[in-house]
Amino acid sequence: MPNLTTLGANDLRAVHEDIRRRYQAFAERKLKLNLTRGKPSSKQLDLSNELLGLPGADYMAGGVDTRNYGELQGLPELRAQLAPIFGVSPDRVILGDNASLSLMHDAVVYSMLKGTVDSDKPWSRESRVAFICPVPGYDRHFSICAQFGIEMIPVPMLETGPDMDAVEKLVAADPQIKGMWCVPKYSNPCGTVYSNETVERLAKMKTAARDFRLFWDNAYAVHHLTAEAVEIANIDELCARHGHPNRAFIFGSTSKITFAGAGVALFASSKDNSAWYLKNMSIRTIGGDKVNQLRHIRLLNSNGGVAALMDRHRASLAPKFEQVLNTFDKELAASGVAKWTRPKGGYFISLEVLDGCAKRVVQLAKEAGVELTPAGATHPLGKDPHDRFIRIAPSFPELAEVTEAVQGVAVCVLLAATEKLLQSHAS
Ligand code: PMP
């Protein structure tokens with residue numbers, strides 16, 4: 001494939017015709033493939049099938065009858081097992097039910113309706129509430145903001161994490177900026193790992209709002225795709241060291257460690273924030289699902305623990321990511337019309353196409369039988385101003401399906417690009 005951006009009109013037309021034929025041939029196969037959501041595959045879920053038989057008749061956990069109400073904060077043993085993954089002490093960990101997204105939602109709602117421990121008044125009584133949203137980012141974070149009327153201020157993601165020069169300027173100047181979404185490791189969708197410097201600057205920066213919070217969604221803390229177990233700086237320690245102990249709300253879950261729909265979620269923060277969370281939570285529930293917590297303790301204590309389990313996930317996931325990257329390298333690298341991330345972990349690859357082409361690529365793919373995440377989903381209110389980013393999620397389909405789907409996507413990228421380039425030649 002030649003570099004399409006440097007071709008003259010005649011050569012471009014010839015290449016376009018060739019790509020159009022390839023697209024048609026692909027579409028005629030009438031495949032039904034799906035690269036939309038970052039769901040684990042059935043084979044990955046099978047890795048934790050032992051859970052289905054646990055905890056069995058032995059439902060006691062260190063003197064606690066897991067069948068009954070109580071232990072609002074969650075079973076101490078599971079808190080102790082999960083705390084090191086998130087770099088906090090177990091006494092400040094609170095276990096939720098199956099979804100960390102619910103805990104993020106609740107943390108926003110509690111802040112809106114009651115205010116945080118550092119707020120003068122509930123956020124809902126402010127004239128305006130804004131969150132910084134690194135883009136591309138996770139659509140469900142943006143949906144929470146949209147749901148509660150929180151203004152979203154996009155900041156570009158760099159290779160080191162969010163553009164910190166921009167972030168520091170914004171939060172220093174605007175007291176209505178109350179929060180910021182962060183997926184610090186193997187981010188959704190770029191796979192970016194925040195550098196130590198970025199994490200330190202986030203912990204240290206001066207914010208005009210005294211009750212500013214980092215919504216630290218460490219969803220992919222142990223989700224490595226290579227032999228390197230990437231580590232990031234400890235946000236909890238750094239916030240405390242820089243005099244902002246209450247700044248970070250940390251979230252995580254076992255959704256992509258055990259069962260995506262039946263794992264255990266976690267909130268962790270400073271002593272005061274954890275007490276605040278627990279107090280609000282005590283109105284909402286008498287206690288979480290301790291039977292699920294107990295079966296997680298038993299599962300995660302067996303067969304080599306979390307690290308060994310994550311190695312087994314990696315064995316299933318890494319070949320799919322390799323397949324996507326190899327196909328893009330082969331089909332698109334020379335074309336000059338796309339670039340993509342090479343994540344060392346997480347669940348996504350971010351594909352960047354020519355400006356104004358992302359929606360068209362997704363449409364072409366759909367018409368040819370490949371479902372992609374809607375273009376724009378990576379940006380607040382679904383609006384990618386340059387119509388450039390597409391999220392690729394290869395985890396769920398079988399490897400053979402990923403291979404076919406991504407070949408189709410590559411052809412769609414080339415077709416949309418040649419259409420666009422021919423238009424600009426014509427105008
Ligand atoms: N945060 C991020 C960044 C995610 O990508 C996902 C899953 N797609 C979640 C949170 C959801 O996690 P949970 O299942 O714990 O709600």
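**Notes on the predicted model: helix H10, two domains and some backbone oddities**

1. Let's start with helix H10 (290-301). At 1.5 Å a residue, its 12 residues should span 16 Å, and the end C-alpha atoms are indeed 16 Å apart, so the expected and modelled values agree. Keep in mind throughout that this is a predicted model.

2. How many of the 12 residues of H10 are buried? The count is 9, so the helix is largely enclosed by the rest of the structure. The buried set mixes side-chain types: Leu-294, Ile-297, Leu-299 and Leu-300 are in it, but so are Lys-290, Asn-292, Gln-293, Arg-295 and His-296. If you plan to look at the charged and polar members of that list, Lys-290 and Arg-295 are among them.

3. What covers those buried residues of H10? The cover includes strands S2, S3 (64-65) and S4 (93-95), together with helices H3 (76-86) and H11.

4. Just past the end of H10 the backbone does something worth a look: Asn-303 takes a positive phi of about 50 degrees. Asn-303 sits in the loop that leads from H10 to H11. Is this residue buried or exposed? It counts as exposed, because it has 12 C-beta neighbours inside 10 Å and the cut-off for exposed is 12 or fewer.

5. Tyr-186 also has a positive phi, near 50 degrees, and again we are not dealing with a glycine. For context, most residues other than glycine have a negative phi. Tyr-186 belongs to the loop between strand S8 (177-182) and helix H7 (196-204). Here the surroundings are crowded enough to pass the threshold: 25 C-beta neighbours lie inside 10 Å, so Tyr-186 counts as buried, given that 20 or more are needed. So the two positive-phi residues fall in opposite classes, Tyr-186 buried and Asn-303 exposed.

6. Now the peptide bonds. Most of these are trans in general. In this model, though, a cis bond joins Leu-54 and Pro-55, with omega about 0 degrees. Pro-55 is placed in the loop running between helix H2 (42-46) and strand S2 (60-61). A cis bond also links Val-135 to Pro-136, where omega is again about 0 degrees. That proline lies in the loop between strand S5 (130-135) and helix H5 (139-147). If your setup scripts touch omega, these are the bonds to check by eye.

7. On the overall layout, the chain splits into domain 1, made of two segments (4-44 + 307-426), and domain 2 (59-301). Their C-alpha centres are 31 Å apart. The contact between them draws on 24 residues from domain 1 and 27 from domain 2.

8. Which elements supply the domain 1 side of that contact? Helix H11 (305-332), S13 and S15 each bring at least two residues, and H11 gives the most, with 6. Sorted by class, the domain 1 side has 14 nonpolar, 6 polar and 4 charged residues.

9. Last, the two strands just named. S13 (residues 349-353) pairs with S15 in the antiparallel sense, over 4 bridges. Within that pairing, Ile-349 has Ile-392 of S15 as its bridge partner. S15 (residues 389-392) is covered on both faces: Phe-389 and Arg-391 are buried on one side, and Ile-390 and Ile-392 are buried on the other.

Conventions: Residues are numbered from 1 along each chain as its sequence is written. This is a predicted model: local features need pLDDT of at least 70, side-chain atom pairs count only at pLDDT 80 or more; totals for chains, interfaces and linings use all residues. Two strands pair if DSSP finds at least two bridges between them. Domain bounds come from an automatic or database domain assignment. Two residues are in contact if their C-beta atoms, placed from the backbone, lie within 7 Å. The expected span of a helix is 1.5 Å times one less than its number of residues.
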